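Here are my notes on the model you sent, set out as numbered points so that each can be checked against the coordinates. I begin with a pocket and then turn to the fold, the cores, the disulfide and the backbone.

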Amino acid sequence: MQGRSHSFHTSAQRWLDRLSYVFVLVGSVGVLLLMTLTVVGVIWRYILVDPIFGLQDQSSMTAAIVAAAAVAFGATQNSHITVNIMPKHFGRKVRRLTDLIARGVGVVILILAASALIKKGNCGLACGNVTGNLTIPHAPFYYALAIALGFFALTLLVQIASGLVHWAGEDPNEVAE
């Protein structure tokens, strides 16, 4: 049975890793667009002395997409900030338990945050969720952030499963000391 569990974890992790590159692509396009908006904005404002109306709205919504992509991709790369003081003070069994609890709490928090974003996005124009100048609706950007947080939660669930499968051995998702 452990062979099947291990195989599932490996397949799930591989699938998440591949899917994370969609976020890399979206985030990369977002960064390029954000750079272009910035350069165009600077040229129009300071060289042509004719600022572009609504450029700030476009930039802030693009930045939301870049942030969402970074959160999702970072989840599969263990690139989020951690404080790893447990190995110095506690044995492997205690660390396994704290890993399980921390990842479980993380899943709950991410699901709650994604749910709140979806709820806020569903409110839409009625709640005034639009940008100040161009009235770009916030809903698609809330949904993009919710998807990124959901992906992060899914990544943590796979890490929980991996930790349980490798309970007696080394956790492949643990940050090296």
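1. Which helices each supply at least two residues of the lining of the second largest pocket? In this predicted model, the helices that do so are helix 1, spanning 2-47, and helix 2, spanning 55-76. Helix 1 gives the largest share of that lining, with 6 residues.

2. The second largest pocket holds about 210 Å³ of space, and its lining consists of 13 residues. Those that lie nearest the centre of the pocket are Gly41, Arg45, Ile52, Leu55 and Gln56. Sorted by class, the lining has 6 nonpolar and 6 polar residues, together with 1 charged residue.

3. On the overall fold, the protein has 5 helices and 0 strands, and the order of elements from the N terminus on is α-α-α-α-α. Of its 177 residues, 34% count as buried. Among contacts with a separation of 6 or more, 77% are made by residues that stand 24 or more positions apart.

4. The largest nonpolar core has 12 residues in all, and among them are Ala75, Val107, Leu110, Leu117, Tyr142, Phe152 and Ile160. The elements that contribute two or more residues to this core are helix 4, covering 92-123, and helix 5, covering 139-165. Helix 5 provides the largest share of this core, 7 residues. There is also a second, separate core of 9 residues, which includes Ala12, Phe23, Ala148 and Val158.

5. Which residues does Leu117 contact, once its neighbours within four places in sequence are left aside? The partners of Leu117 are then Tyr142, Leu145, Ala146 and Leu149. Of these residues, Tyr142, Ala146 and Leu149 are listed, like Leu117 itself, in the largest nonpolar core.

6. Three C-alpha separations may be of use to anyone who wants to check how helix 4 and helix 5 are placed. Ile101, which is found in helix 4, has its C-alpha atom 9.2 Å from that of Ile160, with the two positions 59 residues apart along the chain. Ala113, also found in helix 4, has its C-alpha atom 9.0 Å from that of Gly150, and these two are 37 residues apart along the chain. Ala161, whose place is in helix 5, has its C-alpha atom 9.2 Å from that of Leu100, at 61 residues apart along the chain.

7. Are Ile101, Ala113 and Ala161 buried or partly exposed? Ile101 counts as partly exposed because its relative accessible area is 48%, and Ala113 is likewise partly exposed, with a relative accessible area of 29%. Ala161 is partly exposed as well, since its relative accessibility is 25% and the cut-off for buried is under 20%.

8. The structure holds 1 disulfide, and this link joins Cys123 to Cys127 with an S to S distance of 1.4 Å. The angle about the S-S bond is 55 degrees, and the link of Cys123 and Cys127 is right-handed. As for accessibility, Cys123 is partly exposed at a relative accessible area of 27%, and Cys127 is partly exposed at 44%. I would ask that the S to S value of 1.4 Å be quoted wherever this link is described.

9. Where in the chain do Val49 and Thr135 lie? Val49 is found in the loop between helix 1 and helix 2, whereas Thr135 has its place in the loop between helix 4 and helix 5. Most residues other than glycine have a negative phi. Val49, however, has a positive phi of about 50 degrees although it is not a glycine, and the phi of Thr135, which is also a residue other than glycine, is positive and near 50 degrees. Val49 is classed as exposed because its relative accessible area is 64%, and the cut-off for that class is over 50%.

Methods: Residues are numbered from 1 along each chain as its sequence is written. This is a predicted model: local features need pLDDT of at least 70, side-chain atom pairs count only at pLDDT 80 or more; totals for chains, interfaces and linings use all residues. Side-chain values use heavy atoms; hydrogens and water are left out. On a 1 Å grid over the protein atoms alone, a cavity is a set of points where a 1.4 Å probe fits but cannot get out, and a pocket is an open set with protein on both sides within 12 Å along at least five of seven lines; lining residues have an atom within 4 Å of a point. Grid points are joined across faces, edges and corners, and a volume is the space filled by probe spheres set on the points. Helices (H or I, at least four residues) and strands (E, at least two) are DSSP runs, numbered from the N terminus. Ala, Val, Leu, Ile, Met, Phe, Trp, Tyr, Cys and Pro count as nonpolar, Asp, Glu, Lys and Arg as charged, and the others, Gly among them, as polar. A nonpolar core is a set of buried Ala, Val, Leu, Ile, Met, Phe, Trp, Tyr and Cys residues joined through side-chain atoms within 4.5 Å. Buried means under 20% relative accessible area, exposed over 50%, partly exposed in between (1.4 Å probe, protein chains only). Contact means heavy atoms within 4.5 Å. A disulfide is a pair of cysteine sulfur atoms within 2.5 Å.
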